[in-house]
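Please look over the sequence and the model shown here before reading on. The report is meant to be read with both of them in view.

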Amino acid sequence: MKPSLICCSLLVAGAALAAPGQDRPQDYAWSMPMQVPAGAGIVQLILPRDVYLHASSASLADLRLFDADGKRLAYAIGAPPAQSATQRTAIPARIFPVTGAPATGDGLQGIDIRTADDGRLLSVSTRAGTAATTATLQALILDLGKQTQDKRIAAMRFTPPARTDNYSAQVLLEVSDDLKQWDAIGTTTLNWLSNSDTQTLANDSIAFAPRAFRYARLSWQAGEPLAFAAITAQAVSETEIAPARASIVLQGLPGKQANEWRYATPLAIPADSIALQLTRNNVVLPVTLGVYRQNSYVPRHRLPLRHQARPAQGAYFDPLLSTTFYRIGLDGKERISGDLAMPVTQTGEWVLQTATELQLDASDAPALRLGWTPATVVFLASGKLPYQLAFGHSNAAAVAQPLSQVAPGFKTDELLALKTASAGPLHPNGGAAAPARVTKDGAPWRLAALWGALLLGVGVLGFFAWRLLTQMKQEQQEQEGQQKSEQQQTGRQAMEDGANRRGQRPD
């Protein structure tokens with residue numbers, strides 16, 4: 001058989017096993033309808049809790065978005081973007097006029113400043129004995145009060161006295177935290193211009209880069225000093241908006257050991273916090289939490305614990321964290337241990353071990369609470385409505401795309417402003433069988449199919465090689481037999497020719 005025919009046979013056999021079928025909504029065990037805002041092109045969706053409880057892949061490789069015609073929608077998946085809220089607060093300044101001696105960059109000359117123990121400014125007065133040829137206004141010292149760490153001052157606004165029609169002056173603003181060292185942060189020209197119709201054109205504020213300070217000093221570089229009726233500072237603060245969280249409470253079952261409890265866990269949950277819900281009051285429970293692994297597994301994350309020997313074969317307990325949970329009554333109130341933050345951990349089963357002398361019976365078994373931050377899906381709202389979210393397929397390959405291919409050219413603020421879709425109730429798909437086995441990312445089944453195709457190809461190749469060798473051996477035997485027959489026939493012919501020559505010889 002020709003080698004080209006053998007290669008064709010291998011390709012056909014491999015393609016028959018490796019070619020994926022059409023991706024259809026009914027191939028997935030679970031689905032959720034989605035409501036998409038009208039007119040939205042790029043939409044975001046915070047993955048519902050049910051997706052993590054029923055997905056068949058730790059990496060959510062089996063997640064799909066379909067339109068009404070069963071067409072798959074392109075999407076990207078990732079951690080929710082960090083968000084913050086900006087708050088602006090007006091802070092009225094307490095104003096202290098400085099008369100007589102002018103202010104300088106090295107401090108106030110001939111000025112006595114009194115402050116309270118908490119830093120509150122009490123008074124500013126001309127020092128006794130200081131020569132003061134004039135009592136005119138030279139500067140203003142402002143007390144903005146003690147600010148919180150998250151607040152920054154970004155601007156100052158000035159209100160002129162009543163019946164101030166036209167005014168213009170160039171001012172210098174300096175700031176300080178101790179009334180000794182002053183930093184100049186900006187200059188501006190303040191002016192108010194009024195016409196006969198009592199319309200006023202005003203430049204009444206000075207803006208600068210946000211910074212924290214308590215005291216300010218305003219002095220004049222040009223124009224007549226003016227005792228403003230009010231001065232207000234504009235403070236800005238950035239408050240981080242915590243992303244949406246999800247949690248699940250797991251009930252434990254007794255483990256192999258007397259002091260051990262096991263908690264079956266959906267594999268897709270990327271748990272980053274953990275807690276125990278104790279059933280009784282006045283309980284202090286030191287525990288070790290971990291997972292059972294095979295000795296060939298090397299964990300990615302682990303909190304530092306004492307070294308423990310691993311068995312040469314089989315499963316072993318891998319402790320991930322050790323802590324103490326408690327529930328204590330105190331004066332009619334309860335003090336309860338909260339959630340403990342930890343590196344993201346995904347496992348099909350959590351194991352809790354207590355000290356041997358602290359065995360718990362079934363009625364006292366604590367519940368395990370896991371918390372995580374759901375991922376955000378960004379997708380292109382194309383195709384026919386309504387859309388549905390499908391998941392629950394152990395053999396599904398990942399189809400998520402990079403964000404740059406789903407929302408090309410979108411900036412961070414544009415992504416934060418995307419309209420948000422919502423998901424409806426969870427529905428089992430009638431024609432879809434639940435996956436027989438939950439895998440980490442669907443790869444083992446695809447790898448098994450690939451190895452199956454490879455082994456089939458090797459078998460086919462071996463069969464054709466055996467057939468080819470058999471045919472070659474038969475042809476060689478036929479050629480050897482033919483050559484032997486020809487040699488025998490040639491020998492007989494030579495003997496006959498010799499006998500004929502002897503018979504023709506004269507006596």
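The text below goes from the chain as a whole to its strands, cores, rings and individual backbone features.

## The chain as a whole

This is a predicted model, and its chain contains five helices and 33 strands. Of the 507 residues of the chain, 36% count as buried. Among the contacts between residues at least 6 apart in sequence, 80% join residues at least 24 apart.

One example of two residues distant in sequence involves Leu380, which belongs to strand S29: Leu380 and Ala40 are separated by 340 residues in sequence, while their C-alpha atoms are 8.8 Å apart in space. Leaving aside residues up to four places away in sequence, Leu380 touches Gly41, Ile42, Leu73, Ala74 and Val406. Leu380 counts as partly exposed because its relative accessibility is 36%, which lies between the cut-offs of 20% and 50%.

## Strand pairing

Strand S13 (167–176) is mostly covered, since eight of its ten residues are buried. S13 pairs with S14 in the antiparallel sense over nine bridges, and it also pairs with strand S17 (residues 215–222), again in the antiparallel sense, over seven bridges. The hairpin formed by S13 and S14 has six residues between the two strands.

Elsewhere, an open sheet of four strands follows the order S5-S18-S12-S16 with antiparallel pairing. Its edge strands, each of which pairs on one side only, are S5 (83–92) and S16 (205–211). Neighbouring strands of this sheet are turned by 20 degrees against each other on average, with direction ignored. Within the sheet, S12 (residues 151–159) and S18 (residues 230–241) pair over eight bridges in the antiparallel sense.

The table lists one pair of facing residues for each of three strand pairings.

| Residue | Partner | Strand of the partner |
|---|---|---|
| Leu172 | Thr187 | S14 |
| Val175 | Ala216 | S17 |
| Met156 | Ala233 | S18 |

## Nonpolar cores

In soluble globular proteins, nonpolar side chains tend to be buried together. Which residues touch the most other members of the largest nonpolar core? Of its 48 residues, these are Leu289, Trp350, Leu368, Phe379 and Leu389. The largest share of this core, five residues, is supplied by strand S23 (residues 283–294).

The surroundings of Leu368 can be followed in the model: not counting residues up to four places away in sequence, Leu368 touches Ile248, Val249, Leu250, Tyr263, Ile274, Ala275, Leu276, Leu289 and Trp350. A second, separate core of 28 residues includes Ile153, Phe158, Val175 and Phe213.

## Aromatic rings

The structure holds nine aromatic pairs. One of them joins Phe379 and Tyr387 in an edge-to-face arrangement, with 6.3 Å from centre to centre and 80 degrees between the planes. Phe379 counts as buried because its relative accessibility is 0%, and Tyr387 counts as buried because its relative accessibility is 3%; both values fall under the 20% cut-off.

A single aromatic cluster is formed by Phe158, Tyr167, Trp192, Trp220 and Phe228. Phe158 is also one of the residues of the second core. In a contact of another kind, the charged end of Arg217 sits over the ring of Trp182, at 4.5 Å from the ring centre.

## Backbone features in loops

Leu385 and Pro386 are joined by a cis peptide bond, with omega at about 0 degrees. Pro386 lies in the loop between strand S29 (376–380) and strand S30 (387–391).

Leu179, although not a glycine, has a positive phi of about 65 degrees. Leu179 is located in the loop between S13 and strand S14 (183–194), and it is buried because its relative accessible area is 15%. Asn282 is not a glycine either, and it has a positive phi of about 55 degrees. Asn282 is found in the loop between strand S22 (271–277) and S23, where it counts as exposed because its relative accessibility is 56%.

Is Leu179 buried or exposed? With 15% relative accessible area, Leu179 is buried, whereas Asn282, at 56%, is exposed.

How values were computed. Residues numbered from 1 in each chain as written. Predicted model: local features only at pLDDT ≥ 70, side-chain atom pairs only at ≥ 80, totals over all residues. Heavy atoms only, no water. Phe/Tyr/Trp six-rings, centres within 6.5 Å; stacked < 30°, edge-to-face > 60°. Buried < 20%, exposed > 50% of the residue type's maximum accessible area, 1.4 Å probe, protein only. Lys NZ or Arg CZ within 6 Å of the ring centre and 35° of its normal. Core = buried A, V, L, I, M, F, W, Y, C linked by side-chain atoms within 4.5 Å. Contact = heavy atoms within 4.5 Å. Pairing = 2+ DSSP bridges. Axes fitted to C-alpha atoms, helices over the stretch in contact; angles between N-to-C directions.
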